[in-house]
Amino acid sequence: MTSLLTIEGLTKAYPGVVANDDVTFAIAPGEVHALLGENGAGKSTLVKMIYGLVRPDAGQMTLHRQPFSPSKPSEARARGVAMVFQHFSLFEALSVAENVALGMEDPPPQRQLARRIRDVSEAYGLPLDPDRLVGDLSAGERQRVEIIRCLLQDPKLLIMDEPTSVLTPQEVEVLFKTLRTLAAEGTAILYISHKLDEIRTLCDGATVLRLGRVVGSCNPREKSASELAEMMVGSALKPPARDGAEPGEIVLDVTGLSVKSANPFGTSLKNIHFTVRAGEVLGIGGVAGNGQDELLAALSGEARAVPEAVKFQGRPVGHLGPNERRVLGILSAPEERLGHAAAPDMSLTENALLTGAIREGLTRGGFLRWDAAEDFARRIVKEFDVRTPGVSNVARALSGGNLQKFVIGREVLQRPDVLVVNQPTWGVDASAAAAIRQALLDLAARGTAVICISQDLDELMEISDRFAALNGGRLTARRPAKGLTVEEIGMMMGGAHDMEPPAQTAPEVRHVEA
Amino acid sequence: MLRLEKRPVPSRFWTIMTPVVAVVATMVAGGLLFAFLGKDPVAAIRTIFWDPIFSEFAWYYRAQLLVKAAPLILIALGLSLGFRAGIWNIGAEGQYIVGAITGAAVGLAFYPLDAWYIFPLMILAGALGGWAWAMIPALLKIRFGTNEILVSLMLVYVAEQLLAKMSLGLLKNPDGHGFPGSRNFQEYPSAHNVELIEGTGMHGGVLAGFIAVIAAYVLLNRHILGYQIRLTGQSARAARFAGVRPKLLVAFCLGTSGALAGLAGLFEVAGPAGQITIDFNVGYGFTAIIVAFLGRLHPVGILLAGLLMALTYVGGEIAQANLRLPAAAIQAFQGMLLFFLLGFDVLANYRIRPIKREVA
């Protein structure tokens, strides 16, 4: 078979880093081709060049044996290249059809468009009601909006950037079915991921990138996951080690916690129950937007509840604010690094003060002890291997992984009794992620109760003693993490939700439920 | 073609240079304005910027400089605290008026008693008056989520009505032969805000201004409250996470800026102005907004910006008198300063890059 897209010697350098170095590979029509690599391996830069968002410094591409060098995405789209981004560009206050129309060069009338959306969604098994507000949709449904937006252009090459990071296992199945249908019709799919099992079930070919270079290509079905991982990382990663200490007393006891979300499109917490023991790691899974942010806020003290809803060592604390809880030993690290866990334009020293002022004694009579704050920041940088020229650097100058190590380190070093983290390794490279997970396990081994909210199931299975899932603001019962199957996890995450045909998921249903 | 590109880190150079460039640009554009009005632009600019400090009557003007700068600096310092946290008190003019009224009222209530404690009590009353006036938008914002910009601004006009009422009624000089306005504090030593050093313009308000600069510097750089103010301005979400109580911060920032504006009003009414009159306020409360931004919301910057703005006031008056420039032209000139400052401010966070055609 002749190839649809060939890439030869693509190179792109940014100041200080070569994002892509002499990258060469080809995709055939109807092929599902995986682009595999760690964060920072150059996957994003490469697809941005194919999609016309970035111009290469050297090298050439051919599409249908014609030279292909798009200077903007609309040129790429005109040639039949479509892309579904990891982060959606949708307006929550508009309907599905309106959102789709916004992305089109020449949108048809709404009614006609709605019909086409229905047709395509039925043809490819992606249930979606064009009249619903995007704000009411789950992450999986939002992704369908993006996919259908692409399919309406009848693409020859569909690029998907980490599409499953927001999906439940069951939703992943639906997506894969759709992608296989597309491939059978001759559409080539460039599938970007670092999840090896997915790639092994879905893809026909794989190109592995490391530090901007192609380090191998293979048929992923013929390789084991660990072989692929070694190609990707360059060496075998050792999984975090932990000792199986018995959990101690119940430290945190949450009963009947209900908190209304401050955000109109947020998810309110409904009657949440759980307990965590000293030295235990409770993993909380769930698809994004099911109450993760709200749960963190309710535990950190940013959102208040009735006193009895949260008990710390038997003492009601639901009404206390963040600093009062810090005094007691309840610390937290939110998901959003810049603008929530850290202030972007403040130095690391100032960011060390952000949560460390009280427990580390960084103030005296209200006056700041800058030298002590600087020492604390230095200690975090040293013990958590944060790569930065110095602690006077501003937070937003750090890479995501380094800032995340700083944020987690800041809390861990304060010796919490309870630590709540949300997405601790989101967008962090594998070695930093391993370090963070190890730090959480070490903390638990020293007797801290750790609550890890995450959308990364592998992560949760790796570090959790017990597992529960958030779904629509409710928390399932906790189950021992050992021995849980993917199907069981999927069911816990509410895997069945959003899988019905569109007519049954009309907005009214949700309101009744709420 | 040119385009703006966000800098990874704000440029220190441009953060400091922006006010300087803005002043130069104001001189150029102002010069053009004066030229269109048929005046010699060089002479006009020299009159505004040079004469108050170096001409033969400079001994008088220099004192005026401090007198004009003191209320600007006091008010701008207070405003800058709120501005740093994203709390916008636009009504300092009203707080200035109310502070003057309450402070003057306390002084007049003791007339003609001669006692050392009268002036300190007036200072207290002035600060309290301004504080109370600013707490109106603060409480409305805290309780009902109203917009402090609108409420504080509207309260300026209420304060002006109050001022007119007071100078025609309650506070009117009983021995004033029916003329509007209160007794003159310059004739009541116990309540007079005297020059601390004869002939320098150095009155109590100037001293208070200098103290406030130091206090604001310490607050912002050495105290947890100043840290919380800066954190809130950067990211309200991070601030809440750090345990900042947004409502308390609103009350603190608005209250403090109101108190400082009230102090400025008291020192003005008991000193340079001398009495409560219908036209007592001359817009210090609004000009202080320019001063706050011109000084980059930094205490030392505000000190310098206040002096510079006072210079344009004093110089503007000389230009009006000597060159017959219309008052509106001087006001436009001062407005240009803010305009250019905000315009050039972009350079601190962005750089201008030519759009180059990339080679395929």
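In chain A of this predicted model, 66% of the contacts between residues at least 6 apart in sequence join residues at least 24 apart. The secondary structure of chain A comprises 17 helices and 23 strands. Along the principal axes, the C-alpha atoms of this chain fill a box of roughly 70 × 55 × 45 Å. The radius of gyration of chain A is 24 Å, which agrees with the value near 24 Å expected for a compact globule of 514 residues. Of the 514 residues in chain A, 55% are buried. The accessible surface of chain A amounts to about 21,200 Å², and carbon and sulfur atoms account for 51% of that area.

A nonpolar patch of about 600 Å² was identified on the surface, with residues drawn from chains A and B. Chain A contributes A:Phe367, whereas chain B contributes B:Ile214, B:Tyr217, B:Val218, B:Val300, B:Leu304 and B:Leu307. Two elements of chain B, helix α8 (204-222) and helix α13 (299-323), each give two or more residues to the patch. One of the patch residues, B:Tyr217, is located in helix α8 of chain B. The relative accessible area of B:Tyr217 is 36%, so this residue is classed as partly exposed, between the limits of 20% for buried and 50% for exposed residues.

A buried position is found in another helix of chain B. B:Thr232 lies in helix α9, which spans residues 224-234 of that chain. Its relative accessibility is 14%, and B:Thr232 therefore counts as buried, the limit being under 20%. When neighbours within four places in sequence are left aside, the contacts of B:Thr232 are with B:Ala85, B:Ala239, B:Val244 and B:Leu249.

The cysteines were examined next. A disulfide is a covalent bond between the sulfur atoms of two cysteines. Over all chains, the structure holds 0 disulfides. For A:Cys203, the closest cysteine sulfur belongs to A:Cys218 and lies 9.9 Å away; this separation is too far for a bond, because a disulfide requires sulfur atoms within 2.5 Å. A:Cys203 is buried, with a relative accessible area of 0%. In chain B, B:Cys253 is likewise buried, and its relative accessible area is 1%.

Terms used: Residues are numbered from 1 along each chain as its sequence is written. Chains are lettered from A and ligands numbered from 1 in the order in which they are written. This is a predicted model: local features need pLDDT of at least 70, side-chain atom pairs count only at pLDDT 80 or more; totals for chains, interfaces and linings use all residues. Side-chain values use heavy atoms; hydrogens and water are left out. Patches are made of residues with over 30% relative accessible area and no salt bridge: like charges are joined within 9 Å, nonpolar side chains (Val, Leu, Ile, Met, Phe, Trp, Tyr) within 5 Å. Accessible areas come from the Shrake-Rupley method with a 1.4 Å probe; for residues, only the protein chains shown count as cover. A salt bridge is a side-chain nitrogen of Lys or Arg within 4 Å of a carboxyl oxygen of Asp or Glu. Helices (H or I, at least four residues) and strands (E, at least two) are DSSP runs, numbered from the N terminus. Buried means under 20% relative accessible area, exposed over 50%, partly exposed in between (1.4 Å probe, protein chains only). The radius of gyration is taken over C-alpha atoms; the globule rule is 2.2 Å times the number of residues to the power 0.38. Contact means heavy atoms within 4.5 Å.
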